[in-house]
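Student: I would like to learn how to read a protein model with you. Could we take it one feature at a time?
Tutor: Gladly! Let us open it and start with a helix.

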Amino acid sequence: MAVENTGAPAGAPAPQEKGKQQAKPAVANTPATTGGDAAGEQKLTPAQLKAKAKAEKAARRAKAKEVKEVPPAAAVADAKGGKSGKGGKQEGSQSAGSQQQGKSVPGRRPSVNGRRPSVAIIKEDPRSSIPECFSHVAMAKRIQTSQAHKDVHPAVLAVGQQMATFALKDSIARLEATLLAFKKVIESYETPKGNSLSRHFVPHVLNPQIEYLTECRPMSFSMGNAIRFLKSQVNKFDIDTPEDEAKESLLEFIDIFINERITLAEVVISKNAAELIDEDGVVLTYGRHRLVEKTILRAKANGKNFAVSVIDDPYDQGGKELAKTLQQAAIRVFYSPNLGGVRAHLERASNVLLGTEAIFANGSLHAPAGTADVAMAASAANVKVVALCETINFDRERVSVDSLTYNEIDPERCSAESFRLMFDNTHSKYIAGVITEFESGTDFAPAQAILTLLRKREDPTIA
């Protein structure tokens with residue numbers, strides 16, 4: 001302010017020095033007055049000060065932008081040159097350590113100094129090594145519960161994990177566990193306002209449960225049939241049916257279904273098949289199947305004296321457990337750890353009992369891998385082959401002539417070198433007959449006649 005108010009002429013030195021001494025603090029405190037080169041410079045107008053401040057601000061922004069752009073450019077130059085100095089070596093060692101940790105613990109995200117890395121290590125898909133011609137064949141996989149749909153019930157989550165890890169392996173065991181889990185889903189269900197159970201339950205509640213189970217492991221034929229019956233039962237409800245009444249009806253339907261199509265069917269089949277076992281005869285079987293095991297134990301309980309030849313699946317080794325169970329029941333057992341001994345055991349066998357996973361409309365058997373070999377060898381040796389199967393495992397709409405149309409890949413034996421199919425297909429000409437819960441005594445129906453068996457049922461849904 002002293003510089004601006006002085007009126008002394010230019011030739012007076014004393015006032016000029018005094019003015020300069022007073023102008024120094026003013027210059028430091030007032031940026032707008034800097035830049036005056038001549039003592040006689042006139043005062044800047046407000047418009048000029050504003051324009052000058054704007055220009056200085058723009059200059060500062062441009063300079064700051066240039067400074068910020070320097071480190072990325074240098075980093076790119078270092079990366080292209082392949083040399084990053086001491087810091088680059090340290091980062092490279094951390095990256096190598098992360099990769100080693102990812103290899104030692106597949107599927108887990110390694111941490112560096114307790115922090116989550118920016119790039120996640122993805123576990124390799126086991127299906128990537130499967131040839132393209134087998135890409136249509138399904139394979140069980142374990143799904144993290146955090147990746148499941150938010151509407152999947154906890155009981156269904158548990159069943160899915162058990163199926164994916166083969167804790168639930170048999171088709172009927174999977175069916176029963178699924179239906180019991182669906183009961184919990186129904187019990188906890190509440191119809192939203194403005195909706196009805198018959199319209200809302202299947203698409204918004206039941207379907208997410210089914211999709212999750214299918215992702216864990218492909219549905220068995222019995223599961224598919226039971227779910228179709230359950231959906232048809234829901235569709236029968238009127239839109240005005242009270243929720244409590246509809247839920248009670250569904251729960252009762254599931255209980256009756258389990259009792260008739262699983263529990264009672266198992267009792268009837270084992271009772272009828274036990275009558276086929278000859279006194280002092282030898283029964284040959286493959287692996288371990290629930291119906292065959294119950295049939296043999298029922299025949300022993302009926303007082304028959306006979307022996308059993310067990311041909312085991314070398315991968316599953318369920319036949320070894322069956323042999324131990326039968327020995328504990330005081331039954332004489334001949335055991336072969338693989339298919340190499342099937343011909344020798346067939347020489348003394350009087351009949352063959354085989355368990356199945358499903359039977360197609362053309363009479364072919366869908367059973368554990370190796371069943372077809374046993375059936376063909378028995379047919380060549382003129383030994384009668386009888387299959388045991390519940391009607392809930394019948395598929396009257398599809399046919400199968402090979403093992404590649406409907407099958408599963410064993411996830412535990414899948415590598416870049418080889419993989420194993422879990423099931424095979426046995427042609428109906430190698431099967432003398434099928435025992436279901438509809439026969440009586442020693443009667444059994446031809447495998448090609450399953451459609452006739454289904455028509456004999458009184459259930460109008462499959463008549």
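Student: What covers the buried residues of α11?
Tutor: A good place to begin, and please keep in mind that this is a predicted model. The cover includes two strands that flank α10 (290-301) in my list, β2 (282-286) and β3 (307-311), as well as β4 (332-336).

Student: Which residues of α11 are buried?
Tutor: Helix α11 spans residues 318-328, and its buried residues are Gly-318, Gly-319, Leu-322, Ala-323 and Leu-326.

Student: How do I read such a spacing along a helix?
Tutor: The general idea is that an α-helix has 3.6 residues a turn, so residues three or four places apart point the same way. Here, the buried residues cover an arc of only 140 degrees around the axis, which puts them on the same side of α11. On the other side of α11, Gln-327 and Gln-328 are exposed.

Student: What is the sign of phi at Ala-330, which follows α11?
Tutor: Positive: the phi of Ala-330 is near 65 degrees.

Student: Now a sheet, please. What should I look for?
Tutor: Strands of a sheet pair through backbone hydrogen bonds, either parallel or antiparallel. In this model, three strands form an open sheet with mixed pairing, in the order β1-β9-β10. Each of β1 (138-139) and β10 (419-421) has a single partner strand and stands at an edge, so one side of each is left without a neighbour in the sheet.

Student: In which sense do β1 and β9 pair?
Tutor: Parallel, over two bridges, with β9 covering residues 408-414. Ala-138 stands opposite Glu-408 in β9.

Student: And how do I describe aromatic rings?
Tutor: A pair of aromatic rings is described by the distance of the centres and the angle of the planes. The structure holds seven aromatic pairs. Take Phe-134 and Phe-419: their ring centres are 5.1 Å apart and the planes are at 70 degrees, so the pair is edge-to-face. This pair links distant parts of the chain, 285 residues apart, with Phe-134 in the loop between α4 (85-104) and β1 and Phe-419 in strand β10.

Student: Are these two rings' residues buried, exposed or partly exposed, and what are the values?
Tutor: Phe-134 counts as partly exposed at 21% relative accessibility, and Phe-419 is partly exposed at 24%.

Student: Which residues form an aromatic cluster?
Tutor: Phe-221, Phe-360 and Tyr-406 form one. Arg-398 lies over the face of Tyr-406, 4.9 Å from the ring centre. Elsewhere, the charged end of Arg-348 sits over the ring of Phe-334, 4.0 Å from its centre.

Technical notes
Residues numbered from 1 in each chain as written. Predicted model: local features only at pLDDT ≥ 70, side-chain atom pairs only at ≥ 80, totals over all residues. Heavy atoms only, no water. Pairing = 2+ DSSP bridges. Helix = DSSP H or I, 4+ residues; strand = E, 2+ residues; numbered from the N terminus. Phe/Tyr/Trp six-rings, centres within 6.5 Å; stacked < 30°, edge-to-face > 60°. Buried < 20%, exposed > 50% of the residue type's maximum accessible area, 1.4 Å probe, protein only. Lys NZ or Arg CZ within 6 Å of the ring centre and 35° of its normal. Arc of directions from axis to C-beta. Contact = heavy atoms within 4.5 Å.
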